Amino acid sequence: MTKLFTHFFFLCICCSITFGQEVIGIVENEADQKPIATVHIINLNKVTMSITDKEGKFVIDAEVNDTLYFSYLGYKPIKVRVSNDLVKYPNTRFQLTE
């Protein structure tokens, strides 16, 4: 019985390591709070990328303390450090300035 529990415990640890965390958010214009489509979001630590859809939504793999870089032509790019709150609470709003 304890051997079965030990195997199950290690399986849970392996699964939690292999399944990464993700940040889900919305990018909008700071001036009018309207969503911006096709904003590029790059995780500088993992060198992965995502692009917002027509509602400004995106999903990107990220862990706490990773840095996300948001860029869009005609807007000032921003860097955001991933916190526990960004991972826990989806649909965080990020605003870009023209």
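Here a biologist and a modeller talk through the predicted model shown above.

Biologist: Glad to have you here! How many helices and strands does the protein chain have?

Modeller: Happy to start there. Reading from the N terminus, the elements run α-β-β-β-β-β-β-α-β. Counted by type, that gives two helices and seven strands.

Biologist: In what order do the strands of the four-stranded sheet stand?

Modeller: This sheet is open, and its pairing is antiparallel. Neighbouring strands are turned by 20° against each other on average, with direction ignored. Across the sheet, the order is E3-E2-E5-E6.

Biologist: Which strands of that sheet stand at the edges?

Modeller: Look for strands with a single partner, because one side of such a strand is left without a neighbour in the sheet. Two strands fit that description, one spanning 48-51 and the other 78-81. They are E3 and E6.

Biologist: Let's zoom in on E5 and E6. Which residue of E6 is the bridge partner of Thr-67?

Modeller: Strand E5 covers residues 67-71, and its pairing with E6 is antiparallel over four bridges. In E6, the bridge partner of Thr-67 is Arg-81.

Biologist: Now the three-stranded sheet: what is the order of its strands?

Modeller: This one is also an open sheet, but with mixed pairing. E4 and E7 are the edge strands, each pairing on one side only. The order is therefore E4-E1-E7.

Biologist: What is the average twist from one strand to the next in this three-stranded sheet?

Modeller: The sheet in question is the open one with the order E4-E1-E7. From one strand to the next, its twist averages 40°.

Biologist: And which residue in E4 is the bridge partner of Ile-26?

Modeller: E1 and E4 are joined by five bridges in the antiparallel sense. Within that pairing, Ile-26 has its bridge partner in E4, namely Lys-57.

Biologist: On to charges. Which residue meets Glu-28 in a salt bridge?

Modeller: Glu-28 sits in strand E1, and its partner is in strand E7, residues 92-96. The two are 65 residues apart, so to speak from distant parts of the chain. Their N to O distance is 3.1 Å, and the partner is Arg-93.

Biologist: In that pair, is Glu-28 buried or exposed?

Modeller: The cut-off for buried is under 20% relative accessible area. Arg-93, at 52%, counts as exposed. Glu-28 has a relative accessible area of 5%, so Glu-28 is buried.

Biologist: Which residues does Glu-28 touch, not counting those up to four places away in sequence?

Modeller: One group is Gln-33, Lys-34, Pro-35 and Ile-36, which are among the residues it touches. The salt-bridge partner Arg-93 is on the list too. To complete it, Glu-28 also touches Phe-94, Gln-95 and Leu-96.

Biologist: What is the distance between the closest N and O atoms of Glu-63 and Lys-46?

Modeller: Glu-63 lies in the loop between strand E4 (57-61) and E5, and Lys-46 in the loop between strand E2 (40-43) and E3, so the pair ties together parts that are 17 residues apart in sequence. Glu-63 is partly exposed at 38%, and Lys-46 is partly exposed at 34%. They form a salt bridge, with the closest N and O atoms apart by 3.2 Å.

Biologist: Which side chain does the side chain of Asn-29 join in a polar contact?

Modeller: Asn-29 lies in strand E1, residues 22-29. Its relative accessibility is 7%, so Asn-29 counts as buried. Beyond its neighbours within four places in sequence, its contacts include Lys-34, Ile-36, Leu-96 and Glu-98. The polar contact, at 3.1 Å, is with Tyr-75.

Biologist: Stepping back to the whole chain, what share of its residues count as buried?

Modeller: The protein chain exposes about 6,800 Å², and carbon and sulfur atoms supply 60% of that. Of its 98 residues, the share that count as buried is 27%.

Biologist: One more, if you have time! Of the contacts with a separation of 6 or more, what share comes from residues 24 or more positions apart?

Modeller: Always time for that. The salt bridge of Arg-93 and Glu-28 is one link between distant parts of the chain, at 65 residues apart. For contacts in the protein chain with a separation of 6 or more, residues 24 or more positions apart account for 46%.

Key: Residues numbered from 1 in each chain as written. Predicted model: local features only at pLDDT ≥ 70, side-chain atom pairs only at ≥ 80, totals over all residues. Heavy atoms only, no water. Pairing = 2+ DSSP bridges. Axes fitted to C-alpha atoms, helices over the stretch in contact; angles between N-to-C directions. Buried < 20%, exposed > 50% of the residue type's maximum accessible area, 1.4 Å probe, protein only. Polar contact = N/O pair within 3.5 Å; in protein donor to acceptor, adjacent residues only side chain to side chain. Contact = heavy atoms within 4.5 Å. Areas by Shrake-Rupley, 256 points an atom, 1.4 Å probe, with all protein chains shown as cover. Salt bridge = Lys/Arg side-chain N within 4 Å of Asp/Glu carboxyl O.
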